[in-house]
Amino acid sequence: MTPPLEIAANALMTVSIILAGRNNIHSWWIGIVGCVLFAVLFYQVNLYADVMLQLFFIVTCVIGWLQWRRGAAGQPLPITRTGWRSLVWIVPAGIAAVAVYGMLLHRFTNAYAPFIDSAVLVFSIIAQFLLMNRRIETWGFWLLVNTVAVPLYYSRGLHLTAVLYAAYWVNALISWYWWGVQARRAAAAAPPVPGTATTIADA
C-alpha cells in the first residue's frame with residue numbers, strides 16, 4: 001500500500017511540474033511544499049543524496065519564485081537558450097561531480113545506489129538553475145534526470161513515485177517543445193532593435 005506521505009508529495013510535485021511546463025509562477029511555492037514532503041520520504045528509504053537535493057530545491061524554489069516575480073527590467077523574465085560554450089563545460093563538470101559525490105556516499109554512508117542517486121542530485125541541480133533562469137535546455141536535463149530516477153525509485157519500493165517520474169519524462173518532452181514555441185513567438189513579437197536590421201545586401 002502506498003503511504004500517504006508518498007501520495008501527498010507526488011500530488012504536489014505533479015502540480016508544480018505541470019505549472020512549470022506551462023510557464024506559471026505558482027509552480028514555485030507549490031514545489032516548496034512538495035520538496036519538504038519528499039525530503040522526509042527519501043530519508044526514510046536511505047536515499048541521502050535525494051534528501052540533500054530536496055533541501056537544495058527548497059532554497060532555489062524561493063530564489064526562482066522571486067526571480068520570476070521580479071522579471072527583467074520590469075518585464076517578465078524571457079525564455080532564452082543556453083549557449084553551446086556553456087554546455088560544453090556544464091556536462092563534463094556534472095559527470096565529475098557525480099563521480100566525486102557518489103564515491104563519498106559509497107565510502108561514508110549506507111546509501112543505496114550512491115552513484116545513480118548522485119546523478120539524480122547533480123543533474124537536477126543543473127536543471128533547476130536553468131529553470132530558474134527560464135532556459136529552454138532545462139527540459140533536456142530533466143529528461144535525463146527522470147530517465148535515471150524511474151528505475152532508482154522503483155527499486156526502493158517507491159512505485160507511485162517511479163510511475164509519476166515516468167509521466168514527468170513525458171511532461172518534460174512536451175514542455176521542451178512548448179517553451180520553444182513561446183520563445184519563437186516572443187522573438188517574433190519583439191520590436192526590432194535600432195541598428196540591427198538585416199538587408200538583402202547584408203545577407
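Helix H4, residues 84–108, is where I shall begin. Its 25 residues reach 36 Å from the first C-alpha to the last, close to the 36 Å expected at 1.5 Å a residue. I should say at once that this is a predicted model, and every value I quote is to be taken in that light.

Which residues of H4 are buried? They are Leu87, Ile90, Gly94, Val98, Gly102 and Leu105. The cover over these buried residues includes helices H3, H5 and H6.

Let me place H4 in the chain as a whole. The chain has 7 helices and 0 strands, so that, read from the N terminus, the order of elements is α-α-α-α-α-α-α. Along the principal axes, the C-alpha atoms fill a box of roughly 65 × 35 × 25 Å. The chain has 203 residues, of which 43% count as buried. As for contacts between residues at least 6 apart in sequence, 71% of them join residues at least 24 apart.

I turn now to helix H2, residues 27–44. At 1.5 Å a residue, its 18 residues should span 26 Å, and the end C-alpha atoms are indeed 26 Å apart, which agrees. The buried residues of H2 are Ser27, Trp28, Ile30, Gly31, Ile32, Gly34, Cys35, Phe38, Ala39, Leu41 and Phe42. Against which helices do they pack? The partners are H1 (4–21), H3 (48–70), H5 (114–132), H6 and H7. After H2 comes Asn46, with a positive phi near 65 degrees.

Two further residues with positive phi deserve a place beside Asn46. The loop between H4 and H5 holds Ala113, a residue other than glycine whose phi is positive, near 45 degrees. Is Ala113 buried or partly exposed? Its relative accessibility is 22%, and it therefore counts as partly exposed; the cut-off for buried is under 20%. In the loop between H5 and H6 we find Arg134. Its phi is near 55 degrees, again a positive value in a residue other than glycine. Arg134 is buried, because its relative accessible area is 6%.

The loop of Arg134 leads us to H6, and I would like to consider how that helix meets H7. H6 covers residues 138–155 and H7 covers residues 159–189; their axes come within 8 Å and cross at roughly 170 degrees. H6 is therefore roughly antiparallel to H7, since an angle over 145 degrees is counted in that way. The crossing in which H6 passes H7 is left-handed. What is the make-up of the residues in this contact? They divide into 16 nonpolar, 8 polar and no charged.

I shall end with one residue of H7, Ala166. Its relative accessibility is 35%, and so Ala166 counts as partly exposed. How far apart are Ala166 and Gly83? In sequence they are separated by 83 residues, and in space by 28 Å, C-alpha to C-alpha.

To return briefly to the main points: H4 and H2 each have a length that matches expectation, and the contact of H6 with H7 contains no charged residues. Thank you for your attention.

How values were computed. Residues numbered from 1 in each chain as written. Predicted model: local features only at pLDDT ≥ 70, side-chain atom pairs only at ≥ 80, totals over all residues. Heavy atoms only, no water. Axes fitted to C-alpha atoms, helices over the stretch in contact; angles between N-to-C directions. Helix = DSSP H or I, 4+ residues; strand = E, 2+ residues; numbered from the N terminus. Parallel < 35°, antiparallel > 145°, perpendicular 65-115°, else oblique. Left-handed = near helix turned anticlockwise from the far one by under 90°. Nonpolar A, V, L, I, M, F, W, Y, C, P; charged D, E, K, R; others polar. Expected span 1.5 Å × (residues − 1). Buried < 20%, exposed > 50% of the residue type's maximum accessible area, 1.4 Å probe, protein only. Contact = heavy atoms within 4.5 Å.
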